[in-house]
Amino acid sequence: MTAYDDQNIFAKILRGEIPNVTVYEDDDTLCFMDIMPRTDGHCLVIPKTPCRNVLDANDAQLAAVMSTVRKVANAAKTAFGADGVTLQQFNEAAGGQEVFHLHFHIHPRHEGVSMRPAGTMGDMDAIKAHAEAIRAAL
Ligand code: 5GP
């Protein structure tokens, strides 16, 4: 398996080298808003320690990340009055992964509403307001 590259964008976020809109943080995990949100409330949960994805993560990393995913997913569902939540997680380029630090996407979902296409920058004021709504529900 390819080695972890500490120049990936999420490693830079963890080191504070580039900004992020933080939703939740504990000793082992960070949750922050996706800058190209495919749903209102689209956020990402990552471990604070390095691994590329699920394929090389250790049990402690996975346990910590899933605990935070459950916590934030429930808060996001409440914050947006959502009917459900979609989790996305991609492994290696062939699996759809673009940033090679393990992450889970959290998407609050409403009946009959499709996710937006990937790759469009979001409005930062809206992203910050959505983060605040999730934080308030935590
Ligand atoms: P994936 O690796 O799961 O295919 O996609 C990576 C995700 O990271 C995408 O949803 C993309 O919008 C998001 N992303 C890429 N660069 C940044 C960034 O600099 N900051 C934040 N917050 N999200 C990013």
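Biologist: Of the 16 residues around the ligand, which come nearest?
Modeller: A residue is near a molecule if one of its heavy atoms lies within 4 Å of it, and the same cut-off goes for a strand. There are 16 residues around this ligand. The ones that come nearest are M33, D34, E98, H103 and H105.

Biologist: And what gets left out of the side-chain values?
Modeller: Ground rules, then: this is a predicted model, so to speak with strings attached, as local features need pLDDT of at least 70, side-chain atom pairs count only at pLDDT 80 or more, and totals for chains, interfaces and linings use all residues. Residues are numbered from 1 along each chain as its sequence is written, and side-chain values use heavy atoms, leaving out hydrogens and water.

Biologist: How far is a backbone N or O atom of E98 from an oxygen atom of the ligand?
Modeller: Polar contacts are pairs of N or O atoms within 3.5 Å; within protein, one atom must be able to donate a hydrogen and the other to accept it, and residues adjacent in sequence count only if both atoms are side-chain atoms. M33 puts a backbone N or O atom 2.8 Å from a ligand nitrogen, and a polar backbone atom of G96 is 2.9 Å from a ligand oxygen. For E98, the distance from its backbone N or O atom to a ligand oxygen is 2.7 Å.

Biologist: How much of the ligand's own accessible area does the protein cover?
Modeller: Areas come from the Shrake-Rupley method with a 1.4 Å probe, and for residues only the protein chains shown count as cover. On its own, the ligand has 520 Å² of accessible area. The share covered by the protein is 87%.

Biologist: Is H103 buried or exposed?
Modeller: Buried means under 20% relative accessible area, exposed means over 50%, and partly exposed is in between (1.4 Å probe, protein chains only). H103 sits in the loop between β4 and β5. Its relative accessibility is 6%, so H103 counts as buried.

Biologist: Which backbone oxygen does the side chain of H101 reach?
Modeller: H101 is in the loop between β4 (84-88) and β5 (104-109), where helices (H or I, at least four residues) and strands (E, at least two) are DSSP runs numbered from the N terminus. With 1% relative accessibility, H101 counts as buried. The backbone oxygen of H101 is reached by the side chain of H103 at 2.7 Å. The H101 side chain, in turn, reaches at 2.7 Å the backbone oxygen of P47.

Biologist: Why is the ring pair of F10 and F32 put in its class?
Modeller: A search of the whole structure turns up one aromatic pair. Rings of Phe, Tyr and Trp (its six-membered ring) pair if their centres lie within 6.5 Å; planes under 30 degrees apart are stacked, over 60 edge-to-face, and the rest tilted. The centres of the F10 and F32 rings are 5.3 Å apart and the planes are at 75 degrees, so this pair is edge-to-face.

Biologist: How many residues apart are F10 and F32?
Modeller: Both F10 and F32 are buried. The pair links distant parts of the chain, with F10 in helix α1 (residues 9-14) and F32 in strand β2 (residues 29-33). Their separation in residues is 22.

Biologist: How close do the N and O atoms of D40 and R116 get in their salt bridge?
Modeller: A salt bridge is a side-chain nitrogen of Lys or Arg within 4 Å of a carboxyl oxygen of Asp or Glu, and the count comes to five. D40 is in the loop between β2 and β3 (43-47) and R116 in the loop between β5 and α3, 76 residues apart. D40 is partly exposed at 39%, and R116 is partly exposed at 36%. Their closest N and O atoms are separated by 3.3 Å.

Biologist: Which residue forms a salt bridge with R52?
Modeller: R52 counts as buried at 6% relative accessibility. Its partner has a positive phi of about 70 degrees although it is not a glycine. The N to O distance is 2.7 Å, and the partner is E92.

Biologist: Which helix holds both R135 and E132?
Modeller: Their side chains meet in a salt bridge, 2.9 Å from N to O. R135 is partly exposed at 32%, and E132 is partly exposed at 42%. The two are three residues apart, about one turn, in helix α3.
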